[in-house]
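Here is a short briefing to read with the structure open beside you. Take the topics one by one, and find each residue as you go.

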Amino acid sequence: MPLSIHDTYSRSKRRFEPADPDRVTVYVCGPTVWNYAHIGNARPAVVFDVLFRLLRHTYGDGHVIYARNITDVEDKINAAASAEGVPISTITDRFTAIYNADMAALGVLAPTIEPRATAHIESIVAMIGRLVANASAYAAEGHVLFDTQSFPDYGKLSGHTLDDLIAGARVDVAPYKRNPADFILWKPSKLGEPVWDSPFGPGRPGWHIECSAMIEATLGLPIDIHGGGHDLIFPHHENEIAQGLCSHMGGGADHAETYARYWMHNGFLTMDAEKMSKSLGNVRLVHELIDRFPGEVIRWALLSAHYRAPLDWTDDLLEQSHRTLDRLYQSLQDAARETGRSAATPLADPGQEAQALDGAKAVVDALEDDLNTPAAMAALSALATSLRQAVTAKLDDAPVKQRTLVLAGALLGFLQANASAWFEGGADESLKAKVEALIAARAQARRAKDWPAADRIRAELTALGVEVLDGPGGAATWRRRE
Ligand SMILES: [Zn+2]
């Protein structure tokens with residue numbers, strides 16, 4: 001079954017066909033790195049990680065380019081930096097490392113590229129320059145604004161018209177705007193804020209332009225799939241389309257030209273304080289949750305609802321997810337005992353290995369139906385049931401079914417831990433992933449001779465009860481402190 005995707009732009013489910021199957025391009029709006037990620041921020045990272053895994057399965061690992069940006073210039077970052085009296089990079093390096101470590105603990109693969117806004121100021125300034133040159137943007141009081149009247153299709157993604165945006169006061173009215181819906185591309189920096197030179201005067205970019213400029217610079221237009229949270233449809237993605245197309249095609253571009261061929265948006269995560277009271281209380285940060293639950297349990301809970309539906313986040317959901325994963329790992333552990341082999345290694349007989357992969361088809365089919373993770377997870381549970389039956393009856397195909405379960409799990413990012421290790425303490429697995437991501441971030445900081453960042457990450461590791469042992473040539477190992 002080919003992949004179909006519910007496309008926000010056309011408001012319909014469409015069969016996915018990449019422009020170039022050898023180079024499938026995906027862009028997802030990433031975090032603004034000023035603080036710890038809330039569990040709601042983890043939902044898009046996990047959902048689009050499943051998409052990334054599915055596309056790699058279909059088109060091949062080397063044929064999918066997944067970009068997830070880091071917003072590292074923003075008001076909240078400036079505020080955090082000035083509160084600590086440090087440069088913004090101190091804040092953004094710290095929280096980028098923590099974000100990536102937290103996502104790794106949730107089984108999220110590193111994206112192919114992770115562009116940072118501050119590393120693309122040149123592309124941003126060039127894009128704004130083109131918009132001004134073709135009269136899609138104008139300068140006013142030190143700002144550069146996008147002229148929404150210059151783009152007749154403004155509002156098509158979100159279904160808004162300029163009139164109802166103004167009537168509904170969904171836009172900020174500022175004296176220097178020609179039209180209330182016009183948005184900032186470049187603005188003057190306040191005292192103490194980071195500042196870059198530009199032909200429009202010293203200042204810094206607005207938020208929306210960074211994604212368009214980085215998409216153009218790293219992937220090229222049009223991209224195949226653009227993703228993000230539902231709350232980004234308006235104004236962020238609406239603005240991305242307007243500025244991205246107008247800078248490319250000139251003023252008055254319409255959607256005969258395409259910015260992103262498919263748009264995917266995940267629904268909200270909702271929390272009910274009462275249902276949360278049992279053990280979670282006020283634990284809402286990924287960073288804290290992964291100390292309480294194995295990362296895989298949190299991932300299971302995040303994928304338990306269809307990505308477009310709202311997800312009700314409760315204690316019960318996490319407990320239930322934990323029980324389900326225990327059951328799945330139990331069938332793997334029982335099978336390993338019976339077959340005497342680990343399901344992590346491919347079967348020696350290539351025919352059997354192909355058969356095992358074929359057995360994962362039910363999971364692939366469910367995911368190809370607009371990323372239907374609840375159905376895919378039900379299919380995974382059915383594979384575990386089938387494995388248990390084969391093991392109990394001592395059937396010859398038990399090793400194939402054992403292998404199928406692990407291969408099917410990989411498509412969703414589950415069941416990749418050793419079953420015994422899972423029962424010895426699943427939390428250790430997520431701790432391990434987190435520690436290794438932090439050590440990699442620290443090594444990077446050391447290579448860049450950013451000693452304060454390296455020291456901060458070491459302090460973070462110490463707080464986790466981990467001791468880092470630096471070896472020759474920059475290699476580092478670690479151990480739990482007694
Ligand atoms: Zn974005």
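E210 is a charged residue that is buried and yet has no salt bridge. The nearest side chain of opposite charge belongs to R204, 8.7 Å away, whereas a salt bridge needs the nitrogen and oxygen atoms to be within 4 Å. Keep in mind that this is a predicted model.

**Around E210**

- You will find E210 in helix α6.
- What does the side chain of E210 touch through a polar contact? Its partner is the side chain of T71, at 2.9 Å.

**The zinc ion**

- Helix α6 also supplies a zinc donor, since C211 lies in this helix, which spans residues 207-218.
- The protein donors of the zinc ion are the SG atoms of C29 and C211 and the NE2 atom of H236, and they lie 2.0 to 2.2 Å from the ion.
- Along the sequence, these donor residues follow the spacing C-x181-C-x24-H.
- H236 sits in helix α7 (residues 233-249) and C211 in α6, so this pair ties together parts that are 25 residues apart in sequence.
- Are these two donors buried or exposed? C211 counts as buried because its relative accessibility is 0%, and H236 counts as buried because its value is 1%.

**Salt bridges**

- Side chains of opposite charge can pair when their charged atoms come close.
- Across the whole structure, a search finds 24 salt bridges.
- One of them joins R14 and D7, with the closest N and O atoms 2.9 Å apart. R14 is partly exposed because its relative accessibility is 27%, while D7, at 2%, counts as buried.
- Another links D291 to K434, where the closest N and O atoms are 4.0 Å apart. D291 belongs to helix α8 (residues 286-292) and K434 to helix α15 (residues 419-447), so the pair ties together parts that are 143 residues apart in sequence.
- K434 counts as buried because its relative accessibility is 2%.
- K394 and E338 also meet in a salt bridge, at 2.8 Å from N to O. Since K394 is in the loop between α13 (373-392) and α14 (398-412) and E338 is in helix α10 (residues 315-339), this pair ties together parts that are 56 residues apart in sequence.
- K394 is exposed because its relative accessible area is 58%, and E338, with 39%, is partly exposed.
- Salt bridges that share partners join D75, K190, E193 and R204 into one network.

**Helix α16 and what follows**

- Helix α16 has 13 residues and reaches 18 Å from its first C-alpha to its last, close to the 18 Å expected at 1.5 Å a residue.
- Which residues of α16 are buried? They are A453, A454, R456, I457, E460 and L461.
- These buried residues cover an arc of only 160° around the axis, so they are on the same side of α16.
- The face turned away from that buried side carries the exposed residues D455 and A463.
- After α16 comes G465, which has a positive phi, near 80°.
- L464 lies in the loop between α16 (451-463) and β13 (466-470). L464 counts as buried because its relative accessibility is 15%, and buried means under 20%.
- L464 and L431 are 33 residues apart along the chain, and their C-alpha atoms are separated by 8.4 Å.

Notes. Residues are numbered from 1 along each chain as its sequence is written. This is a predicted model: local features need pLDDT of at least 70, side-chain atom pairs count only at pLDDT 80 or more; totals for chains, interfaces and linings use all residues. Side-chain values use heavy atoms; hydrogens and water are left out. Helices (H or I, at least four residues) and strands (E, at least two) are DSSP runs, numbered from the N terminus. Buried means under 20% relative accessible area, exposed over 50%, partly exposed in between (1.4 Å probe, protein chains only). The expected span of a helix is 1.5 Å times one less than its number of residues. The arc is that of the directions from the helix axis to the C-beta atoms. Donors are N, O and S atoms within 2.8 Å of the metal (3.2 Å for Na, K and Ca); water is not among the atoms, so sites may look incomplete. Lys and Arg count as positive and Asp and Glu as negative; His and the chain ends are not counted. A polar contact is a pair of N or O atoms within 3.5 Å; within protein, one must be able to donate a hydrogen and the other to accept it, and residues adjacent in sequence count only if both atoms are side-chain atoms.
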